[in-house]
Amino acid sequence: MATSVQTLGQTTARAGDRLSAVAIAALLGLGLVFVAGFAPATVLHNAAHDFRHTQNYPCH
Ligand SMILES: [Zn+2]
């Protein structure tokens with residue numbers, strides 16, 4: 001039986017790296033929501049709108 005062992009404490013990311021990763025992920029996520037949400041294409045706008053509702057994001 002093959003098992004994988006994941007040990008704790010082997011991450012080498014520094015606090016600055018983690019903060020950068022969080023900031024980039026947040027920008028990408030917010031960009032997806034707001035850019036797509038304000039897109040002129042109706043289908044794209046509705047898709048973003050529906051996604052906001054699934055995430056309990058207040059919009060109207
Ligand atoms: Zn809505």
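This passage describes the helices, aromatic contact, surface and salt bridge of a predicted model.

The secondary structure of the protein chain amounts to 2 helices and 0 strands. Of the 60 residues in the chain, 12% are buried, and the accessible surface of the chain comes to about 5,400 Å², with 67% of that area belonging to carbon and sulfur atoms. Helix α1 covers residues 15–37, and α2 covers residues 42–54.

Helix α2, with its 13 residues, reaches 18 Å from its first C-alpha to its last, a value close to the 18 Å expected at 1.5 Å a residue. Within α2, the residues Ala48, His49 and Arg52 are buried. These three cover an arc of only 105° around the axis, which puts them on the same side of α2. Val43, Asp50 and Thr54, by contrast, are exposed on the other side of α2. The helix thus presents a side that carries the buried residues Ala48, His49 and Arg52 and another side on which Val43, Asp50 and Thr54 are exposed.

Just after α2, asparagine 56 takes a positive phi of about 60°, although asparagine 56 is not a glycine. This residue is placed in the segment after α2 and, with a relative accessibility of 70%, counts as exposed, the cut-off for that class being over 50%. The segment after α2 also holds tyrosine 57, which takes part in the aromatic contact described next.

A search of the whole structure finds 1 aromatic pair. The pair is formed by phenylalanine 34 and tyrosine 57, whose ring centres are 6.3 Å apart and whose planes stand at 80°, so the arrangement is edge-to-face; the centres satisfy the limit of within 6.5 Å, and the angle satisfies the requirement of over 60 degrees for this class. Because phenylalanine 34 lies in helix α1 and tyrosine 57 in the segment after α2, the pair ties together parts that are 23 residues apart in sequence. Both members of the pair retain some accessibility: phenylalanine 34 is partly exposed, with a relative accessible area of 33%, and tyrosine 57 is likewise partly exposed, with a relative accessible area of 36%.

The two aromatic residues also contribute to the surface, where Leu30, Phe34, Phe38 and Tyr57 make a nonpolar patch of about 430 Å². Phenylalanine 34 and tyrosine 57 are therefore partners in the edge-to-face pair as well as members of this nonpolar patch.

A further relation in space involves valine 35, which is found in helix α1. The C-alpha atoms of valine 35 and histidine 45 are 9.0 Å apart, while the two residues are 10 residues apart in sequence. At 61% relative accessibility, valine 35 counts as exposed, whereas phenylalanine 34, at 33%, is partly exposed.

As for charged contacts, the count comes to 1 salt bridge. Arginine 14 forms this salt bridge with aspartate 17, and the closest N and O atoms of the two residues are 3.6 Å apart, which meets the requirement of within 4 Å. The two partners fall into separate accessibility classes, since arginine 14 is exposed, with a relative accessible area of 58%, while aspartate 17, at 36% relative accessibility, counts as partly exposed.

How values were computed. Residues are numbered from 1 along each chain as its sequence is written. This is a predicted model: local features need pLDDT of at least 70, side-chain atom pairs count only at pLDDT 80 or more; totals for chains, interfaces and linings use all residues. Side-chain values use heavy atoms; hydrogens and water are left out. Rings of Phe, Tyr and Trp (its six-membered ring) pair if their centres lie within 6.5 Å; planes under 30 degrees apart count as stacked, over 60 as edge-to-face and the rest as tilted. Helices (H or I, at least four residues) and strands (E, at least two) are DSSP runs, numbered from the N terminus. Buried means under 20% relative accessible area, exposed over 50%, partly exposed in between (1.4 Å probe, protein chains only). Patches are made of residues with over 30% relative accessible area and no salt bridge: like charges are joined within 9 Å, nonpolar side chains (Val, Leu, Ile, Met, Phe, Trp, Tyr) within 5 Å. Accessible areas come from the Shrake-Rupley method with a 1.4 Å probe; for residues, only the protein chains shown count as cover. A salt bridge is a side-chain nitrogen of Lys or Arg within 4 Å of a carboxyl oxygen of Asp or Glu. The expected span of a helix is 1.5 Å times one less than its number of residues. The arc is that of the directions from the helix axis to the C-beta atoms.
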